[in-house]
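Hi everyone, and thanks for coming. Let's have a look together at the empty spaces in this structure, and then at a pair of helices.

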Amino acid sequence: MKRRYFYGLLAGISVLALAACAKSTGQPEMDSVAVNEEKEAVSDKEEQAGKADGETYTIRIALVSSDSHLHNTVLKEWAEEAEEKTNGRLILKVMGSSQLGGERDYVEGMQLGNIEMAQVSSAAVNGFLNDFSILSFPYFFKDYEEMEKVFSGPMGQELFQELDGIGIKGLTWFSNGFRSVYTKDRAVEKPADMKGMKIRVMESDVMIATLNAMGASGTPMAYGELYSAIQQGVMDGAENALGNIYADGYYEICKNVSLTEHFAPPGVVAISKKAYESLPTDLQDYLTESAVRFGKEERERDEELQKEMQKKLEDAGVEINQVDKQAFIDATAFLYKEYSGEISSIKEIAAKELGKSFE
């Protein structure tokens, strides 16, 4: 009997001891987790505060145009404002004149995070996202007002969402002006005038097909080789915006500019998502907000610039020829159906917003 009582008492003491142990060890474990979480939260806040207080972030902006180009001018003004408004924490370093390679290199570099930011022609994005080719269709934009409708509307947003899918964040759109034909010897007024002419064009299937449909032989060539090719008669001419024709000195060898205004592929200002996500939130906010402002400013200034460049070309002895634009529109209209097969539903937005037909 005594032995049973002793074992029963011992068992009771054991149960109480285990309960006390659980109570004494369980609560400190919860306190430890809470303390650790609080420490981590404080650490995160301190890290963000440290970034906001003093760390400097340098973002290189790659582009092919030279310092005299409007793109470079606006980007440098943006860089000045960024440094001032962020108290020197965000440095935008403009790297023009192809210092970091060509436009395809920029797109690939932003995907990999090797190039932080760039301004590229939408035509350069075609090889990565086919929907961007729609912006290179002939006579896609009627005027600058239609450009604004696209850039600030659902089409612009959709294209930037597609960029996001390949690791690049679209920030804003620049204008590259309307591209027209310029030639060494012969003026152009209608498609028949271009028969037999070799006209340099960017390396884009739809752009080559467009020059062919306009009556010429559309011929891709590196831009750096073009000036001498025209001088030597290898090329009869090329096509570009008036500002580029003047800035690059083509008025010296090409005395005819015909205002076909057949292409207006815009510029895309974008940043690598890796670079963007490395920035603290306040710098991300500044970059996205200011991009919209500077993009709109560039487009407004470009519209005025093209008018100024026409006057400068005329003063330099270049004949500015008006053309039968409707004849060129009609000659190239079939390309919408031929080259839209691989374009997504974004063409439905183009049909609704701009009245384009892909049938």
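Which element gives the most to the lining of the second largest pocket? Keep that in mind for a moment, and please remember that what you see is a predicted model.

Let me start with the pocket in the question. The second largest pocket holds about 350 Å³ of space. Its lining is made by 16 residues, and those nearest its centre are K142, Y144, F178, E261 and K325. Three elements give two or more residues to this lining: strand β9 (256-263), helix α11 (281-315) and helix α12 (325-332). And here is the reply to my opening question: α11 gives the most, with 4 residues. By class, the lining of the second largest pocket divides into 7 nonpolar, 3 polar and 6 charged residues.

Now for the largest pocket. Its volume is about 1300 Å³, and 41 residues line it. If you want to find its centre on your screen, look for E103, S121, A123, R200 and M202, which lie nearest to it. Several elements each supply at least two residues of this lining, namely α3, β3 (117-121), α4 (122-125), β6 (198-201), α7 (205-213) and α9 (242-247). The lining of the largest pocket has 15 nonpolar, 16 polar and 10 charged residues.

What about cavities? A search of the whole structure finds 1 cavity of 30 Å³ or more, and the volume of the largest cavity is about 30 Å³. Lining the largest cavity are V107, M110, V120, V125, L163, I168, V268 and A270. You will recognise α3 (103-112) here: α3 and β10 (267-272) each supply at least two residues of the cavity lining. By class, that lining has 8 nonpolar residues, with no polar and no charged ones.

Last, the helix pair. Helix α6 (residues 154-164) packs with helix α14 (residues 346-354) at an angle of about 165°, and their axes are 10 Å apart. That angle makes α6 roughly antiparallel to α14. The crossing of α6 past α14 is left-handed. On the α6 side, the contact is made by P154, M155, E158 and L159, and on the α14 side by I346, I349, A350 and E353. Sorted by class, the contact of α6 with α14 has 6 nonpolar residues, no polar ones and 2 charged ones.

That's my tour, thank you all for listening!

Technical notes: Residues are numbered from 1 along each chain as its sequence is written. This is a predicted model: local features need pLDDT of at least 70, side-chain atom pairs count only at pLDDT 80 or more; totals for chains, interfaces and linings use all residues. Side-chain values use heavy atoms; hydrogens and water are left out. Axes are lines fitted to C-alpha atoms, for helices over the stretch in contact, and angles run from 0 to 180 degrees between N-to-C directions. Angles under 35 degrees count as roughly parallel, over 145 as roughly antiparallel, 65 to 115 as roughly perpendicular and the rest as oblique. A crossing is left-handed if the near helix is turned anticlockwise from the far one by less than a right angle, and right-handed if clockwise. Contact means heavy atoms within 4.5 Å. Ala, Val, Leu, Ile, Met, Phe, Trp, Tyr, Cys and Pro count as nonpolar, Asp, Glu, Lys and Arg as charged, and the others, Gly among them, as polar. On a 1 Å grid over the protein atoms alone, a cavity is a set of points where a 1.4 Å probe fits but cannot get out, and a pocket is an open set with protein on both sides within 12 Å along at least five of seven lines; lining residues have an atom within 4 Å of a point. Grid points are joined across faces, edges and corners, and a volume is the space filled by probe spheres set on the points.
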